[in-house]
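Student: I've got a model open on my screen and I'd like a close look at one part of it. Could you walk me through that part and then connect it to the rest?

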Amino acid sequence: MKVAVLMGSDSDWPILKPAVELLKQFGITPVIKVASAHRTPSIVRDFVMEADHDKEFAAFIVAAGAAAHLAGVVASYTIKPVVGVPINATPLNGMDALLSTVQMPSGVPVATMAVNGAKNAAIFALEIFGASDVAVASQLEEYREKLREGVAKKAARVAAQVDR
C-alpha cells in the first residue's frame with residue numbers, strides 16, 4: 001500500500017517528515033512529491049492522475065502554507081481520500097492555510113488536520129486503511145496502547161514530584 005505525500009515547498013518537509021516516518025513504521029510506502037498548485041499545476045495534475053489510477057495508492061496527504069490550494073487541487077483529480085495539512089508559513093500563523101484547506105466546496109472534500117498536524121494526517125490515513133486491513137488496525141491498537149503507557153509514565157513522574 002502506498003500514500004502520496006505532496007507538499008507545496010521543500011520548506012514543508014520538516015513538518016511532514018514525522019508523518020512519513022510513521023507511515024514507514026506501519027509498512028506503508030510513502031511517495032513524496034514537491035509541487036505547487038500555482039507554480040507547477042501540470043505536475044500536480046499528472047502526478048495525482050497517475051497515482052489515482054495506481055491501485056497501490058490508497059490516499060493522499062497534502063501540505064501547503066499561505067493560500068494552501070494544493071489539497072483542494074489534488075482532491076479535484078481523485079476520488080481517493082485526501083488529508084490536508086495546513087502549514088504555518090505566514091504572519092497569520094497558518095490560519096490562512098487552515099481556512100484555505102478546510103473550506104472546500106460540496107462534493108470535493110478534504111479531511112483537514114490542525115496547522116502543522118502532519119503526524120495526525122498519517123494516523124488518520126492509517127485509520128482509513130485499518131477499516132479494511134486487519135493488520136493495520138492491529139498495529140494502530142498497539143500504537144494507541146503505547147500512547148496510553150506514555151501518559152501513565154508521565155503521570156507517575158508528576159505524582160512522584162508532588163509527593164516530595
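Which residues of helix α4 (residues 95-102) are buried?

Tutor: Keep in mind that this is a predicted model. In α4, the buried residues are Asp96, Ala97 and Thr101. Look down the helix axis and you'll find them within an arc of 125 degrees, so they line one face of α4. That fits the general geometry: an α-helix has 3.6 residues a turn, so residues three or four places apart point the same way. As for what this face packs against, the partners are β3, α3 (70-76), β4 and β5 (111-112).

Now for some residues that help make up a nonpolar patch on the surface. Met95, Leu99 and Val102 join Leu92 in that patch, and together the four have about 370 Å² of accessible area. Leu92 itself sits in the loop between β4 and α4. With a relative accessible area of 53%, Leu92 is exposed, because the cut-off for that label is over 50%.

Let's zoom out to see where the helix belongs. The protein has six helices and five strands, and along the sequence they run β-α-β-α-β-α-β-α-β-α-α. The C-alpha trace spans about 60 × 40 × 30 Å along its principal axes. Of the 164 residues, 38% are buried. The protein exposes about 9100 Å², and carbon and sulfur atoms supply 56% of that. If you take contacts between residues at least 6 apart in sequence, 65% of them join residues at least 24 apart.

Two of the elements that α4 packs against, β3 and β4, turn up again in the interior. The largest nonpolar core has 27 residues, and Leu23, Ile61, Leu126 and Phe129 have the most contacts inside it. At least two residues each come from β1 (2-7), α1 (13-25), β3 (57-65), β4 (82-87), α5 (118-130) and α6 (134-162). Helix α5 gives the largest share, seven residues. There is also a second, separate core of 20 residues, which includes Val44, Phe47, Val48 and Val62. In soluble globular proteins, nonpolar side chains tend to be buried together.

To get a feel for the larger core, click on Phe129. Setting aside neighbours within four places in sequence, Phe129 is in contact with Met1, Val3, Ile28, Ala58, Ala59 and Val136. Then try Phe124, which is found in helix α5. Phe124 is partly exposed, at 31% relative accessible area. Not counting residues up to four places away, Phe124 touches Val83, Ala111 and Met113. From C-alpha to C-alpha, Phe124 and Ala111 are 9.0 Å apart, with their positions 13 residues apart in sequence.

Next, go back to the loop between β3 and α3, which holds both Ala66 and Ala68. Each has a backbone angle worth checking. Phi of Ala66 is near 55 degrees, a positive value in a residue other than glycine, and Ala68 has a positive phi of about 50 degrees although it is not a glycine either. For context, most residues other than glycine have a negative phi. The burial of these two alanines is worth comparing: Ala66 is partly exposed at 31% relative accessible area, whereas Ala68 counts as buried at 4%.

Finish with the charged pairs. The structure holds four salt bridges. One of them joins Lys2 and Asp54, with the closest N and O atoms 3.8 Å apart. Lys2 is in strand β1 and Asp54 is in the loop between α2 (41-53) and β3, so the pair ties together parts that are 52 residues apart in sequence. Another pairs Glu127 with Arg144 at 2.7 Å, N to O. This pair links distant parts of the chain, since Glu127 belongs to helix α5 and Arg144 to helix α6, 17 residues apart. Both side chains sit in residues that are partly exposed, Glu127 at 33% and Arg144 at 39%. Then there's Arg148 with Glu145, whose closest N and O atoms are 3.1 Å apart. Arg148 and Glu145 are three residues apart in helix α6, which puts them about one helical turn from each other. These two are partly exposed as well, Arg148 at 46% and Glu145 at 34%.

Note on methods
Residues are numbered from 1 along each chain as its sequence is written. This is a predicted model: local features need pLDDT of at least 70, side-chain atom pairs count only at pLDDT 80 or more; totals for chains, interfaces and linings use all residues. Side-chain values use heavy atoms; hydrogens and water are left out. A nonpolar core is a set of buried Ala, Val, Leu, Ile, Met, Phe, Trp, Tyr and Cys residues joined through side-chain atoms within 4.5 Å. Buried means under 20% relative accessible area, exposed over 50%, partly exposed in between (1.4 Å probe, protein chains only). Helices (H or I, at least four residues) and strands (E, at least two) are DSSP runs, numbered from the N terminus. Contact means heavy atoms within 4.5 Å. The arc is that of the directions from the helix axis to the C-beta atoms. Patches are made of residues with over 30% relative accessible area and no salt bridge: like charges are joined within 9 Å, nonpolar side chains (Val, Leu, Ile, Met, Phe, Trp, Tyr) within 5 Å. Accessible areas come from the Shrake-Rupley method with a 1.4 Å probe; for residues, only the protein chains shown count as cover. A salt bridge is a side-chain nitrogen of Lys or Arg within 4 Å of a carboxyl oxygen of Asp or Glu.
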